[in-house]
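Student: I have a new structure open and don't know where to start. Can you walk me through it?

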Amino acid sequence: MSAKKLKRSFYNRPTLDVAAEIIGKFIVFNTPSGKLSARIVEVEAYIGQDDPACHASRGLTKRNRPMFGPAGFTYVYFIYGMYHCLNFVTEPKDSPAAILLRAAEPVEGCDRMLQAAGKPSSTGLLSGPGKFCRAFGFTTEQNELDLTGDLIYIENRNVEVSNIQRSQRVGIREGRDLLWRFYDADSTAVSKPR
DNA sequence: TGAATGATGCGCT
DNA sequence: GCGCATCATTCAT
């Protein structure tokens, strides 16, 4: 069975459902120098104004605007003066929510990812949101792009994931009680806990 | 092998 | 000014 690009209807649903199902899917980025792709193994959900860790918890701002838009778009932000984080917007317009891509396994274009990351080996190459964006070359130039287009999208390649687990989210101060981190417990590419 | 820390820039109060 | 959905390095045990 061939790969199928996920449609807007996949993203336009309750965020926890999308987060659980996005594990094991493949993110594709068609760059001028060729295709980059990776198998998603770890994500986190950030949902609505009532989630204290969500950027939308203090209302609409210039930065978090993509979260308030329709599902199926990217939300990329700059953090700690040197890293970027890639999110997928979920749920309908005016229902701010997104999924943070935290870790993946390199599939296509591994050589170019290694070069971009300045690393000799692929171990841990995409194991962390900042490391993933550095290797893929994601910056705010890729903010608010349509995931149903041909530049950036997610594919279902019909690879089974049998051991999806949940845990607390990483790197936040408030909202730690929520088990909104999803990961493939059989993957060695999952990011290391602090 | 675990804890502390520095790097570094921008959005928001 | 402060704090941040991070990470690599340094230092202590």
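**Serine 37 and beyond**

Tutor: Start with serine 37, which sits in strand β3, residues 34-47. Keep in mind that this is a predicted model.

Student: Is serine 37 buried or exposed?

Tutor: Serine 37 is buried, at a relative accessible area of 0%. The cut-off for buried is under 20%.

Student: What does the side chain of serine 37 make a polar contact with?

Tutor: With the side chain of glutamate 108, at 2.5 Å.

Student: And which residues does serine 37 touch, not counting those up to four places away in sequence?

Tutor: The list is Ile27, Val28, Pro106, Val107, Glu108, Met113, Phe136 and Arg157.

Student: Ok, on to the cores. How many residues are in the largest nonpolar core?

Tutor: That core has 35 residues, and Ile27, Phe88, Phe132 and Phe136 have the most contacts inside it. Ile27 and Phe136 also came up among the residues that serine 37 touches.

Student: What is phenylalanine 88 in contact with, leaving aside neighbours within four places in sequence?

Tutor: Phenylalanine 88 contacts Tyr11, Ile22, Ile27, Ile40, Phe73, Ala97, Ala98, Ile99, Leu101, Leu147 and Ile154. Another core, of 13 residues, lies apart from the largest one, and its members include Ala53, Cys54, Ala98 and Leu100.

Student: Switching to the DNA. Which residues come nearest to DNA strand C?

Tutor: His55, Tyr77, Tyr83, Asn87 and Gly171 come nearest, out of 20 residues around that strand. By class, the residues of that surface are 10 nonpolar, 5 polar and 5 charged.

Student: How much of strand C's part in this is sugar or phosphate?

Tutor: Of the atoms of DNA strand C within 4 Å of the protein, 51% belong to sugar or phosphate, and the rest belong to bases.

Student: Which protein atoms lie by its phosphate oxygens?

Tutor: Three examples will do. Arginine 102 has a polar side-chain atom 3.3 Å from a phosphate oxygen of DNA strand C. For glycine 128, a backbone N or O atom lies 3.5 Å from a phosphate oxygen of that strand. For lysine 131, a backbone N or O atom is 3.1 Å from one.

Student: Which elements give two or more residues to that surface?

Tutor: They are β4 (74-79), β5 (83-89), β6 (97-108) and α5 (129-136). The most comes from α5, with 4 residues.

Student: And DNA strand B, which residues come nearest there?

Tutor: Thr61, Arg63, Tyr80, Gly81 and Met82 come nearest, of 8 residues around DNA strand B. The surface near strand B has 3 nonpolar, 2 polar and 3 charged residues. Sugar or phosphate accounts for 48% of the strand B atoms within 4 Å of the protein, and bases for the rest.

Student: What do threonine 61 and tyrosine 80 lie by on DNA strand B?

Tutor: A polar side-chain atom of threonine 61 is 2.2 Å from a phosphate oxygen of DNA strand B. Tyrosine 80 instead has a backbone N or O atom 2.2 Å from a base oxygen of strand B.

Student: New topic. How many salt bridges are there in the whole structure?

Tutor: A search finds 13. One of them pairs glutamate 21 with arginine 13, with the closest N and O atoms 3.1 Å apart. Glutamate 21 is partly exposed at 36% relative accessibility, and arginine 13 is also partly exposed, at 24%.

Student: What about arginine 181 and glutamate 42?

Tutor: Their side chains meet in a salt bridge of 2.8 Å, N to O. Arginine 181 is in strand β9 (residues 181-184) and glutamate 42 is in strand β3, so the pair ties together parts that are 139 residues apart in sequence.

Student: Are arginine 181 and glutamate 42 buried or exposed?

Tutor: Arginine 181 counts as buried at 8% relative accessibility, and glutamate 42 counts as buried at 0%.

Student: And how do glutamate 155 and arginine 157 meet?

Tutor: Their side chains form a salt bridge, 2.7 Å from N to O. Glutamate 155 counts as buried at 10% relative accessibility, whereas arginine 157 counts as partly exposed at 24%.

Student: Which residues do salt bridges with shared partners join into one network?

Tutor: Glu42, Glu44, Arg102 and Arg181. Arg102 is also the residue with a polar side-chain atom 3.3 Å from a phosphate oxygen of DNA strand C.

Technical notes:
Residues are numbered from 1 along each chain as its sequence is written. Chains are lettered from A and ligands numbered from 1 in the order in which they are written. This is a predicted model: local features need pLDDT of at least 70, side-chain atom pairs count only at pLDDT 80 or more; totals for chains, interfaces and linings use all residues. Side-chain values use heavy atoms; hydrogens and water are left out. Buried means under 20% relative accessible area, exposed over 50%, partly exposed in between (1.4 Å probe, protein chains only). A polar contact is a pair of N or O atoms within 3.5 Å; within protein, one must be able to donate a hydrogen and the other to accept it, and residues adjacent in sequence count only if both atoms are side-chain atoms. Contact means heavy atoms within 4.5 Å. A residue is near a molecule or strand if one of its heavy atoms lies within 4 Å of it. Ala, Val, Leu, Ile, Met, Phe, Trp, Tyr, Cys and Pro count as nonpolar, Asp, Glu, Lys and Arg as charged, and the others, Gly among them, as polar. A salt bridge is a side-chain nitrogen of Lys or Arg within 4 Å of a carboxyl oxygen of Asp or Glu. A nonpolar core is a set of buried Ala, Val, Leu, Ile, Met, Phe, Trp, Tyr and Cys residues joined through side-chain atoms within 4.5 Å.
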